[in-house]
Amino acid sequence: NNSIRVTNAFLHAVKKDADWQLINRTDGKVAKTVKARDLWEKVGHAAWACADPGIQFHDTVNEWHTCPNDGEIRGSNPCSEYMFLDDTACNLASLNLLTFYKDGKFQAEDYMHACRLWTVTLEISVTMAQFPSKEIAQRSYDFRTLGLGYANIGGLLMNMGYGYDSEEGRALCGSLTALMTGVAYATSAEMASELGAFAGYAKNADAMLKVIRNHRTAAMGKATGYEGLSVPPVPLDIAGCPDARLADLAMGAWDEALELGEKHGYRNAQTTVIAPTGTIGLVMDCDTTGIEPDFALVKFKKLAGGGYFKIINRSVPAALEGLGYSSSQIEEIVSYAVGHATLGNAPGINHTSLTGHGFGPSELSKIDSALESAFDIRFVFNQWTLGEDFCTGVLGIPAKKLNDPTFDLLRHLGFSKGDIDAANDHVCGTMTLEGAPHLKEEHYQIFDCANPCGKKGKRYLGVESHIRMMAAAQSFISGAISKTINMPNDAEIEECQKAYELSWSLGVKANALYRDGSKLSQPLAAALVEDDDEAAEVLETGNVQEKAVVLAEKIVEKIVVKEVLKSHRTKMPHRRKGYTQKAVVGGHKVYLRTGEYESGTLGEIFIDMHKEGAGFRAMMNNFAIAVSVGLQYGVPLEEFVDAFTFTKFEPAGMVQGNDSIKNATSVLDYVFRELAVSYLDRTDLAHVKPQGPAFDDIGRGEEEGVSNLSEISESAATRSLEVLKQISSTGYLRKRLPQDLVVLQGGQTAETGLLGDGTARDPVSDLQSLVPETSIAPATGMDARTKAKMQGYEGEACGECGNYTLVRNGTCMKCNTCGSTSGCS
């Protein structure tokens, strides 16, 4: 939910291809001058590529602002429906429109009563609500903004027999929205007559009454006569509304809202928004959320005991009945979409054809039982449904082939792809109404959804239909509308720009685009090339063929090189580094021991608790082994950290003995916090940040008063780190340079980084002088045999370990590898 705000001046500059100045928000100075159209194209490309940013039209928002004397509206909540002053909030409530449609008629009086009742309820909630800060609580109390809205407009229109993309549908939406907000403002004015207007009303009375008059002008269906609006709103289509009474009631509600407001003011600065209603829409059993159309005609419901069953949108049968179709025709149309769940009368593959292949009544019954929750009939024809004995004995399928995951039993029996597809459509349904028996083509548009339905569906709602429906409602909403404008995958960048421009021209306050697949494809491609600058550049600037080649190479590299390798265990070296951390968690001693690969990455852990019972100790030991095996098979440590931090069980509490972790909710929480801090540099999980610079720190430049750079050869710097990694544990150092090994700080302090003559020191030679064991012996021409003799090795194999490391120990022999002797010492 990333959004940007654009002004009318910017959009006019885009049309003229004029220059546009980018202003610093801190000091108001011009930071850069660019072409407005170039910047707009970048916005369009970003929206096309990853569905961000959404657009908010700043001038439109503020021209409908009821309290401009207290400051302009500069932002919104993440979903962009609540737009008001900084440090304010509002509580939301939404009405399920379909519940007011009874006996083929919309119950307008019930709807008005519900709007009135919930306006009062939300007003009460202002006093009872909790807010995240004192400032938000105070301003919300002063301005008392409300968020009444609705959901299920898509379901209502389908039930009434009107398409989402139709003049009647938009007129109905406009009428219902105008009626809701008109009643809400009239109720707010009534409450003001008893309780007084909101605290900021007197200061903003003229501006608020101007906004109310503009809403009323739109409700009268007028195209002109608006006050102070750069972009005129879409007026109510009174003539096009199929329920003329709704339009009449809406006009009456706005007359009352203005009349009462002029007398008493308003109790609330805003009254309505249209929220996404994703969660409460499920609770209210809505077919569609907010102002959205339906996304699919057939839905899958999960059963409590496991499995799924398909159900058609409940608006479909009701709409078909209203359109005059008989019950038998409706049943056939619905079955075409959801399927018959049996092979009884299926074309190609049915009970008769299967009997010819040796299927008996028992097998056919098993198949039909499994088909009730199947997505595809091929998932049912397997050894687990039919039994291995039947498949091998009666059908004569070899066991090896039967266990092959790619084996297709129906193709093995001789059925063609056409037979399987036809049977699939009959049994599992087509998921669409296109091509359904009896359904007239002129009725297809009533059942259009945001996306094509099923594999056969071709129809879907166009971009413009979404925007025009928003515009029909926006003229009568205090805040804004949270809605996604769906676009097909093959939409062009220019279409994204045109969608935004159309929204602006129709007076919509904000919108967001979603091109099908854009949220998935872009991050995936970016992740594939994140470590390869050259490949990233090709993806950014290359042509289609070059991009395809790069992505193909990276996918092969990821799957073959990385994923296949991950399926094999990388065992730890026999002699490895690591560290032991002793701590006390909630009064219980915990010893954590780690083992590392040569690269310093974590490969194993051991957890020991000093005085715990045998059962708990065994559980912790085996848990550590399981984690270690996972690490050696390539499971990222991050996954374990995310899974086990913040787990809660005893022992828990204060942590003693650890310099970074001071509190833990469980032993596992402590262990994985420690590992995250030590191996992942996850300082966000530490209570005390580890001291010292990290290996990749570059300092803070002028803030520290020293240069970040020092004249040192690249090879020397690299070798110094390699030598350090060989003799130290990454986890023990917590990915930081050792505090006492100052010669390795490579320029972080001028005194230690230079020799007396000003030349750079070699960290490797400095390290070798401190730790002589790391020095490399000079080449003397001595062969390995001579060197071994000088070390005392006799050249005989140890009887215990087999290594040729026996040395003389008195009159006997001793092995330097395993320590065993030949018997006398």
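Colleague: What does pLDDT do over residues 770–781?

Modeller: In this predicted model, pLDDT stays under 50 over residues 770–781. pLDDT runs from 0 to 100 and gives the predictor's confidence in each residue, so a value under 50 sits in the lower half of that scale. For residues 770–781 the model has eight contacts beyond four places in sequence. Residues 742–756 also stay under 50, and there the model has 27 such contacts.

Colleague: And what is the mean pLDDT of the chain?

Modeller: The mean is 84, and 79% of the residues reach 70 or more.

Colleague: Let's turn to the helices. Why is α6 called roughly parallel to α11?

Modeller: The axes of α6 (residues 153–160) and α11 (residues 315–322) cross at roughly 30° and come within 7 Å. Angles under 35 degrees count as roughly parallel, and that makes α6 roughly parallel to α11.

Colleague: Which residues in α6 and α11 meet?

Modeller: G155, M158 and N159 in α6 meet S315, V316, A318 and A319 in α11. Four residues of this contact are nonpolar, three are polar and none is charged.

Colleague: What makes β1 and β11 edge strands?

Modeller: Each of them pairs on one side only. The open sheet has four strands in the order β1-β4-β12-β11, with mixed pairing.

Colleague: How do you know that β4 and β12 pair?

Modeller: Pairing needs at least two bridges, and two bridges join β4 to β12, so the strands pair, running antiparallel. Among the bridge partners, Q56 has A510 in β12.

Colleague: Which strands does helix α21 lie across?

Modeller: Helix α21 (residues 493–505) lies across β4, β11 and β12, at about 155° to β12. An angle over 145 counts as roughly antiparallel, so α21 is roughly antiparallel to β12.

Note on methods
Residues are numbered from 1 along each chain as its sequence is written. This is a predicted model: local features need pLDDT of at least 70, side-chain atom pairs count only at pLDDT 80 or more; totals for chains, interfaces and linings use all residues. Side-chain values use heavy atoms; hydrogens and water are left out. Axes are lines fitted to C-alpha atoms, for helices over the stretch in contact, and angles run from 0 to 180 degrees between N-to-C directions. Angles under 35 degrees count as roughly parallel, over 145 as roughly antiparallel, 65 to 115 as roughly perpendicular and the rest as oblique. Contact means heavy atoms within 4.5 Å. Ala, Val, Leu, Ile, Met, Phe, Trp, Tyr, Cys and Pro count as nonpolar, Asp, Glu, Lys and Arg as charged, and the others, Gly among them, as polar.
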